[in-house]
Amino acid sequence: MSATTAPPAEALPVEVSGTQAPLWWGMLVFLAVDSTIFAALISSYFYLRVTQAETWPPAGLAPPGLLLPALSGAVLLASAGPVLWADRGLRRGDGRALRLGLPLACALAALFLILKAVEFVARPYLWSTNAYGSLVWTIDGAHAAHVLAALLQAVVVAVLAWRGHFTPRRRVGVETAALFWYFVVAAGLAVYATLYLAPRLI
Amino acid sequence: MFALGTAIFAAVLGALGYALRRARGQSAPRPFNGNALIAVGGVIIPAAIIISLVVLTALTQRALSAPPTPPALTIDVIGHQFWWEVRYPQHGVTTANEIHLPTGQPVQLRLTSADVIHSFWVPQLAGKLDLNPGQTNTLWIQADRADVYRGICAEFCGIQHTLMLFLVVAEPPDQFAAWLEARRAPPPRPVEPVLQRGQRVFSEAGCAFCHAIEGTVATPPTGTVGPDLTHLGSRRTLAAGIIDNTPENLASWIVRPQEIKPGNRMPNTPLGAEDLQALVAYLESLR
Amino acid sequence: MATLERPPTTTQALTRLWSTPAGLVGWLSAVNHRAIGARFMVTALAFFLLAGVQALAIRLQLARPGLSILSPEAYNQNFTMHGVVMMFLFAIPVLEGLGMYIVPLMIGTRDMAFPRLSAFGYWVYLLAGLGLFGAFFLGSAPNSGWFNYVPLSGPGFSPGANIDFYAVLLTFLEISALAAAVELIVTILKQRAPGMAIHRIPLFVWSILVMAFMIVFAMPALIVASVMLELDRAAGTHFYNPAAGGDPLLWQHLFWFFGHPEVYIILLPALGIVSAIVATFTRRPVMGYTAVALSTVAIGFLSFGLWVHHMFATGVPLLGTSFFAAASMMIAIPSGVQVFAWIATIANGRIVLKTPFLYVLGFIFLFVLGGITGVMVAAMPFDLQVHDSYFVVAHFHYVIIGGMVFPLLGGLFYWFPKMTGKLPGERLGRWSFWLQFIGFNLTFFGMHILGFWGMPRRIYTYLPGFGWDFLNLVATIGAFILGLGFVLYLANLAYSLWRGEPAGDDPWGGATLEWATTSPPPQYNFRAIPTVRSRTPLWDEEEPDDADRARDHTRRMVALPDEGREILSTTVVDARPQGRVLLPGPSLWPFWLAAAVGFIFYGMLFDLILVPIGAVLAAAALVAWHWPREEEEAP
C-alpha cells in the first residue's frame with residue numbers, strides 16, 4: 001500500500017454507527033458477559049434439580065402458576081416493538097418514532113416490573129425456604145434488575161432524544177441502548193422457559 | 001510415567017539445544033524446514049503419546065474401579081472437623097482415627113462427612129477420594145501386607161486440616177477377627193475406686209457432652225460431637241493420629257488440647273491433679 | 001501526501017489535545033492507555049511483592065517440622081491470600097495492564113476504545129485490592145484457600161467476616177477484569193492500523209485477544225458462584241446447603257469452570273510475549289505463524305472443557321472423568337505447536353542473547369517440565385495419587401512461574417525501553433535471571449518428590465519422622481534466593497529508570513509498530529496512523545538496522561485532522577478504514593463511579609444502608625459520565 005492508496009482521512013465519516021462503531025462492539029461484548037452470567041445461573045438451576053431433587057419443585061411446592069408470568073412475559077416481549085420502531089425510525093430520520101417509541105417502551109417495562117412485584121409478593125415460599133426458592137428468587141430477581149437497568153438507560157436516552165441530541169448519523173447511543181433492550185427481552189424469554197415452562201414440560 | 005516424562009523433556013531440550021547451537025554457529029542462516037519440525041514435534045508425537053495414555057488410563061481405571069472379588073467387609077468412614085469416625089456397620093462397632101482391616105482381601109469403604117469436605121488418603125494403599133456432606137462415595141482398598149499405614153486428610157477442611165491424620169492397621173484375618181470381637185463387647189465396668197472416680201469425673205467434668213462411652217450415661221445422642229471413647233485404651237494414637245496414646249499424653253491432651261492442636265473443637269479442661277489422674281486411668285482402662 | 005512533514009504546530013496541537021491535566025485532579029482524571037496501563041502494572045507488581053513476602057512466611061514456617069512461626073490461623077490466611085493475590089491482584093491485572101499499554105502501540109492506534117472505562121477499571125481494581133489487603137492486616141483475611149470450597153466457606157463453618165471479604169471483594173474486582181477485557185477486545189477488533197488484516201496481527205496481540213475473550217466467558221461463572229455464596233452467608237439462601245436441596249459440588253463446578261481457564265488466561269499472554277521476544281532476538285518472524293495463532297485460539301477453546309479434572313477425587317462418574325482426562329491431555333498439542341515453532345525459529349535465526357531472550361530460554365525449560373507433569377496429573381489414576389499433594393504444588397508453580405512470570409519479566413525488560421526511554425541494566429538483568437532460575441528450581445523441584453512421598457498441600461506444619469525435613473529446608477532456602485532475584489530485578493528497573501542509558505526508538509531492532517514511535521511514546525502515540533503491509537512492518541524492504549527506516553515508514557501513514565482526540569476505526573477482518581471516532585478526554589467520572597460502586601460493595605461488608613446510597617450515586621455518575629459534551633451539542 002503506497003502513500004497514494006492510503007485513504008485521505010478527511011473523507012471518512014466522523015460519526016459512526018452500527019458495526020462501524022467501537023461502542024456497538026463494546027455493547028456486544030458486554031452482552032456476551034451478561035449472557036454468560038445468565039447461563040451460569042440457569043445451569044445452576046438445572047444442576048441442582050438433577051443432582052438433588054426427587055420432585056421438582058421440591059418439598060410439596062406446586063409448579064409456578066403460568067398466567068401472571070405469561071402476562072408479564074407478553075408485556076416484556078411487546079416492549080421490544082416500540083424500541084425497534086424508535087431505532088429504525090431514527091435511522092430513517094423519523095425523530096417522532098424515537099421520541100414516542102422510547103417512552104412507550106419505558107411504560108411497558110414499568111408495567112412488567114409492577115406485574116413481577118405482584119408475582120414476587122404472592123409467592124408461597126421465600127429465597128430462604130430451600131434451594132429451589134433461592135434459585136427462583138435469584139434468577140427472577142437478577143432479570144428484573146436488568147429490566148430496571150434497561151428502563152433507566154432508556155429514560156436517559158429519551159431525555160437526550162427530546163433535547164434533539166440524536167441525528168440519523170449520530171445514533172450509536174440509541175443503537176446500543178436498543179441492543180441492550182433486545183438482550184433483556186431475550187433473557188426474559190430464557191428465564192421464563194426455565195422457571196415456568198421447564199418444571200411442567202421436563 | 002516418570003521415564004516417559006523424562007524422555008520427552010530430554011527430547012525437547014535436545015531440540016532446543018540443537019537449535020541454539022545451529023543459530024549461534026552460523027553467520028548467514030541457511031533455510032530450515034520449520035513447518036515439518038512443528039508438525040512432527042508439536043502435533044504428531046504428542047498426539048501419539050496422548051492417545052496411548054488415554055487408552056492406558058482407561059484400562060487402569062477399569063482395573064481400579066472394581067475389586068477382583070466382592071468385598072465382604074464394609075466400613076463407614078465419616079469425616080469431622082478434625083477427626084475420623086470409623087464404623088463397622090455389620091458388627092455394630094464404632095471407633096475413631098484408626099481403621100483396622102484384614103489383610104489379603106478387598107474392603108469396601110463408604111465415605112461421607114458430617115460437616116465440611118474432607119478427603120481420604122492413604123498414600124500406600126489407595127488414591128484419594130473426597131468425603132462430601134450429603135453424599136456417600138465408595139472406595140475399595142486392599143492391604144496385602146500386615147502393617148500400620150498412615151492416612152491423612154487431603155482436602156483443606158479448616159484450621160486444623162494439618163493435624164487430621166489416621167492409621168490403617170492391617171492385620172491377618174484371625175487377628176482382625178479377634179480385634180473386632182473384643183470391640184463388640186462393652187468395656188469392663190470399673191471396680192477399683194480410682195477408676196470409679198475417673199468415670200465420675202468423665203460425667204461431671206463435661207466430657208460426656210461430646211464423647212460417648214458405651215455403658216455409661218453418655219450414650220448417643222449426646223456424645224456424638226467428639227470421637228467415641230468406648231475402647232480408647234486400645235488405640236495407638238490420640239487427637240487424630242498426632243500423638244502416641246500414653247497416660248502422660250492423654251493427661252496433657254485433656255488439660256490443654258488447644259495448645260497441642262490449636263483451633264480444634266475440644267476446649268481446655270482444667271482438672272485437679274487427682275481427678276485428672278483418675279480420669280486418665282479410667283480412660284486407659286477402656287480396652 | 002508524498003511526504004507528510006507537517007508544520008510543527010501539528011505536534012503541538014496533538015500534544016495539547018491528548019495531554020492529561022496537571023495536578024491531583026488531573027492525575028485522578030487521566031484516561032490515557034499508557035498511564036492507566038502503567039498504573040495497573042506498577043500496582044500489580046506491588047501486590048506481587050506483598051504476596052511474595054507471604055510466600056516467604058509460608059516457607060519459613062515449613063522450613064523445619066513443628067515450627068510455630070505462624071499460628072494455624074495465620075498460616076491459613078497466608079496461603080489463601082498468597083493464592084488470591086497472585087491470581088487476582090497480580091497475574092490478571094499485570095497482563096491486562098501490559099496489554100493496555102502495548103496493544104494500542106502495536107496495532108498503531110492512539111488509545112484504547114473506551115479510555116474512561118480503562119480508568120474506571122483501574123480505580124475498581126485499586127479499591128478492591130486495598131480492601132483485600134486491609135482485611136489481611138486486620139487479621140480477618142479469607143482463610144479457606146483461593147478455591148474457597150463450601151461448606152467450609154459457608155455460613156455454618158466460617159462465621160467470621162473473612163469469607164465475606166472474599167465473596168464480595170472478588171466480585172467487585174472482577175468488574176475491573178471484565179471492563180479491561182471488553183475494551184481490549186474492541187480495541188483489537190476495531191482499531192488496528194489500516195492493512196493489519198487478521199493474518200497480520202502480531203502474535204502478542206492474538207494472545208491478548210484470546211485472553212480477553214476467555215475472561216469474558218470464564219469470569220461470570222466466578223461472579224455467579226461468589227454472589228450465591230454471599231447470599232447463602234448473608235441472606236439465608238441454600239444454594240450450597242445439601243440439607244435444603246443445595247449442593248456443595250455446585251460451587252466446585254462453577255469455580256473450576258472459571259478456575260481452569262484462569263490458568264490459561266494468564267498463560268496465553270505470556271506465550272504471546274515469548275513469540276514477540278523470540279522474533280526480535282532471532283531476527284526472524286516466528287515460523288508457523290498460522291499454526292501458532294490457531295493454537296492460541298485452540299488453547300482458549302480447549303481450556304473450557306477441562307474443569308472437571310480438578311474434581312477427580314470428588315467421586316464424579318467414571319465415564320465423565322475419562323472424557324475430561326482426554327481433553328486435558330489434548331491441550332499438550334497446541335502447546336507443543338508453540339514450543340516447536342519457537343525452536344524452529346531459533347534454529348533459523350541469528351540469536352542476540354540478551355536478558356529477555358534468557359528469560360525465554362528459561363521459560364521453555366520450565367514450561368516444558370510443567371507441561372509434562374501436567375499431562376501426568378491429567379491421567380486420573382495418577383491424579384488420585386498426587387492430587388492435593390505437593391506434586392501439584394510443584395506442577396502449577398512450574399506452569400505459572402515458569403510459564404507466566406518468567407516471560408512476563410522478560411517482556412517487561414523487553415518493553416521497558418519503550419515505556420521509559422531508558423535501557424535496563426543488562427548485567428543486573430542476567431544476575432537476576434540466574435538467581436531466579438536457580439532459586440526457582442531449588443524451591444519447587446523437590447516438591448514433586450515430597451508430593452510423591454505423600455506430603456499434602458495446605459498444611460501448616462508436619463511431624464518429624466516423615467522424611468520430609470531435608471527437601472523442605474532446601475525449598476525454603478531456594479525461596480529466599482528466588483525472592484532475592486525478584487528484588488534485584490525490580491531494583492534494576494528502578495535504577496535504570498533513574499540512571500539508565502537512553503534507549504532510542506528501537507533498541508532491540510523489533511519488527512512491530514510500537515518500535516516505530518519514540519521512547520517513551522508521545523501522548524498521541526503516532527503523529528499519523530501507520531499503515532501495514534506485512535506481519536513485520538518495520539523489517540519491510542529495509543534491513544532491520546537501517547537507520548532511516550523509521551522516517552521512511554512515515555511515508556505510508558494516514559494523517560488524522562487534529563481537531564479532536566480522533567482515532568481510526570477499521571474493519572474487523574481486513575482492517576480497512578471505516579471512520580474516525582472521537583474519543584472522550586480526561587474525566588473525573590470514572591473515579592467517582594468506581595467510588596460509588598465501591599459504596600455498594602463495601603456496604604455489603606459493613607453496613608447495608610450504604611448499598612442503596614451507592615446504587616443511586618452510581619446511576620448518577622453513569623449518567624454524568626455519558627452525558628454528551630457541550631461541543632458535541634453544537635449542530
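**Exercise 1. Work out the strand order and the edges of the open sheet in chain B that contains E4.**

Step 1. Learn the rules for this predicted model. Strands (E, at least two residues) and helices (H or I, at least four residues) are DSSP runs, numbered from the N terminus. Two strands pair if DSSP finds at least two bridges between them.

Step 2. Read the order. This open sheet of chain B has 5 strands, E4-E10-E9-E6-E7, and its pairing is mixed.

Step 3. Find the edges. Strand E4 (98-102) and strand E7 (126-131) of chain B each pair on one side only.

Step 4. Get the twist. From one strand to the next it averages 20 degrees. Axes are lines fitted to C-alpha atoms, for helices over the stretch in contact, and angles run from 0 to 180 degrees between N-to-C directions.

Step 5. Check one pairing. E4(B) runs parallel to strand E10 (residues 165-171) of chain B, with 5 bridges. B:Leu101 has B:Ala170 in E10(B) as its bridge partner.

Two notes on conventions. Residues are numbered from 1 along each chain as its sequence is written, and chains are lettered from A and ligands numbered from 1 in the order in which they are written. Local features need pLDDT of at least 70, side-chain atom pairs count only at pLDDT 80 or more, and totals for chains, interfaces and linings use all residues, while side-chain values use heavy atoms, with hydrogens and water left out.

**Exercise 2. Do the same for the open sheet of chain B that contains E3, then place helix H3.**

Step 1. The order is E3-E2-E1-E5-E8 in chain B, 5 strands with mixed pairing.

Step 2. Why is one side of E3 and of E8 left without a neighbour? Strand E3 (93-96) and strand E8 (137-141) of chain B stand at the edges with a single partner strand each, so one side of each has no neighbour in the sheet.

Step 3. The twist averages 25 degrees from one strand to the next.

Step 4. Strand E2 (residues 83-88) of chain B runs antiparallel to E3(B), joined by 4 bridges. B:Val86 stands opposite B:Thr95 in E3(B).

Step 5. Now the helix. Helix H3 (residues 173-184) of chain B lies across strand E1 (73-80), E2 and E3 of chain B, at about 100 degrees to E3(B). H3(B) also lies across E4 and E10 of chain B, at about 135 degrees to E4(B).

**Exercise 3. Find the backbone exceptions in chains B and C.**

Step 1. Know the background. Most residues other than glycine have a negative phi, and most peptide bonds are trans.

Step 2. List the cis bonds. One joins B:Gln81 and B:Phe82, with omega about 5 degrees. B:Phe82 lies in the loop between E1 and E2 of chain B. Another runs from C:Val150 to C:Pro151, with omega near 0 degrees. C:Pro151 lies in the loop between helix H5 (115-137) and H6 of chain C.

Step 3. Look at phi. B:Asn97 is not a glycine, yet its phi is positive, about 60 degrees. B:Asn97 sits in the loop between E3 and E4 of chain B.

**Exercise 4. Which of the 2 pairs of chains that touch has the most contacts?**

Step 1. Chains B and C have the most. Contact means heavy atoms within 4.5 Å.

Step 2. Count both sides. For chains C and B, 76 residues of chain C meet 70 of chain B. For chains C and A, 55 residues of chain C meet 43 of chain A.

Step 3. Set aside the remaining pair. Chain A and chain B do not touch, and their nearest C-alpha atoms are 10 Å apart.

**Exercise 5. Describe the two interfaces of chain C.**

Step 1. Take the buried area (the accessible area, with a 1.4 Å probe, that two parts lose on being put together, summed over both). Chain C and chain B bury about 5,900 Å², with 74% from carbon and sulfur atoms. Chain C and chain A bury about 4,200 Å², with 71% on carbon and sulfur atoms. C:Gln578, C:Arg580 and C:Trp627 supply 14% of the area that chain C buries against chain A, more than any other three residues.

Step 2. Count salt bridges (a side-chain nitrogen of Lys or Arg within 4 Å of a carboxyl oxygen of Asp or Glu). Chains C and A have 0. Chains C and B have 1. There B:Glu155 pairs with C:Arg458, the closest N and O atoms being 3.6 Å apart.
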